[in-house]
Amino acid sequence: MKTICRTAVALIFLISPLVLTAQITATEPEYTNTIVYVHNNNETALLERQTPLSKVVSSPSLLLVGVGKTKTIDFVKGEKSPIRIPKSDTLNFIVSVKDNNDNPVDIVGVLKLEIDKKKHNRFVEVIMTDQLKGPEINEASKVSFQSVKYQHHSYLVTIVNLGPGEYMFTLRDGRLAAQMFGID
């Protein structure tokens with residue numbers, strides 16, 4: 001009985017992205033490194049695009065005695081993205097890339113941003129380096145997603161149960177651009 005249940009769950013997990021692809025009829029973005037939100041299965045909205053700025057912050061102990069931590073923080077202007085998406089169980093995005101034969105997990109990243117109301121910006125801690133432990137990538141801000149190949153040079157990225165907040169897509173080949181949206 002357990003084997004039958006496990007098989008059924010595995011089949012649902014494998015087939016669900018294919019069913020989603022069949023329902024979405026929107027055209028993929030014309031340009032590479034472009035991301036659009038898909039609503040009503042065929043309408044798209046271009047995400048906000050900014051060049052993130054990076055700042056390195058060192059702990060006082062690193063400055064005083066040479067042992068401590070540094071953080072690399074990426075931030076963008078504005079407390080909220082002008083692209084607002086209503087909360088939904090499932091969100092779909094089309095991510096246009098040069099070649100969709102690579103594993104999308106290696107190319108696409110989705111991060112939850114924090115808000116600094118005093119400085120009027122959104123930010124995410126990307127890397128923390130401890131002189132004793134070495135660099136660590138901040139996994140806590142990463143958002144999990146499912147993706148499948150879509151049309152000629154894109155991925156259909158599906159995010160389930162995303163809570164309210166500010167979010168940023170990053171692309172391996174488009175590191176100079178952050179593409180953002182907010183969930184209300």
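**Exercise 1. The surroundings of Q179**

Leaving aside its neighbours within four places in sequence, with which residues is Q179 in contact?

*Solution.* The model is predicted: local features need pLDDT of at least 70, side-chain atom pairs count only at pLDDT 80 or more, and totals for chains, interfaces and linings use all residues. Residues are numbered from 1 along each chain as its sequence is written, and side-chain values use heavy atoms, with hydrogens and water left out.

Step 1. Locate the residue: Q179 belongs to strand β14. Strands (E, at least two residues) and helices (H or I, at least four) are DSSP runs, numbered from the N terminus.

Step 2. List the contacts (heavy atoms within 4.5 Å). With neighbours within four places in sequence set aside, Q179 contacts N33, T34, I35, L47, E48, R49, Y167, M168, F169 and L171.

Step 3. Assess the exposure. Q179 has a relative accessible area of 2% and is therefore buried; buried means under 20% relative accessible area, exposed over 50%, and partly exposed in between (1.4 Å probe, protein chains only).

Step 4. Examine the side chain. It reaches the backbone nitrogen of I35 at 3.0 Å.

**Exercise 2. Strand β13 and its partners**

Determine why strand β13 is described as largely enclosed, and identify the strands joined to it.

*Solution.* Step 1. Strand β13 covers residues 165-171, and 7 of its 7 residues are buried, so the rest of the structure largely encloses it.

Step 2. Separate the two faces. G165, Y167, F169 and L171 point one way, E166, M168 and T170 the other way, and all are buried.

Step 3. Identify the partners; two strands pair if DSSP finds at least two bridges between them. Strand β8 (residues 108-116) is joined to β13 by 6 bridges, and the two run antiparallel. Here L113 stands opposite E166. Strand β14 (residues 178-183) also runs antiparallel to β13, with 5 bridges between them. In this pairing, F181 of β14 is the bridge partner of Y167.

**Exercise 3. An open sheet**

Give the strand order of the open sheet that contains β7 and β12, and state which strands stand at its edges.

*Solution.* Step 1. The sheet has 5 strands in the order β2-β1-β7-β12-β11, with antiparallel pairing.

Step 2. The edges are β2 (43-46) and β11 (146-150); each has a single partner strand, so one side of each is left without a neighbour in the sheet.

Step 3. On average, neighbouring strands of this sheet are turned by 30° against each other, direction ignored. For this angle, axes are lines fitted to C-alpha atoms (for helices over the stretch in contact), and angles run from 0 to 180 degrees between N-to-C directions.

Step 4. Inspect one pairing. Strands β7 (residues 90-96) and β12 (residues 154-160) share 7 bridges, with L156 of β12 as the bridge partner of I94.

**Exercise 4. The nonpolar cores**

Identify the residues that touch the most other members of the largest nonpolar core, and the elements that contribute to this core.

*Solution.* Step 1. A nonpolar core is a set of buried Ala, Val, Leu, Ile, Met, Phe, Trp, Tyr and Cys residues joined through side-chain atoms within 4.5 Å.

Step 2. The largest core has 21 residues, of which F93, V95, I159, L162, F169 and F181 touch the most other members. Two or more residues come from each of β1, β7, β8, β12, β13 and β14.

Step 3. A second, separate core has 8 residues, among them I24, A26, V36 and V148.

**Exercise 5. Two residues with positive phi**

Compare the settings of N40 and H120.

*Solution.* Step 1. Most residues other than glycine have a negative phi. N40, however, has a positive phi of about 55°, and phi of H120 is near 55°.

Step 2. N40 lies in the loop between β1 (34-39) and β2, whereas H120 lies in the loop between β8 and β9 (121-130).

Step 3. N40 counts as exposed at 58% relative accessibility; H120 is partly exposed at 49%.

Step 4. Beyond its neighbours within four places in sequence, H120 contacts K77, G78 and E79. Its side chain makes a polar contact with the side chain of E79 at 2.6 Å. A polar contact is a pair of N or O atoms within 3.5 Å; within protein, one must be able to donate a hydrogen and the other to accept it, and residues adjacent in sequence count only if both atoms are side-chain atoms.
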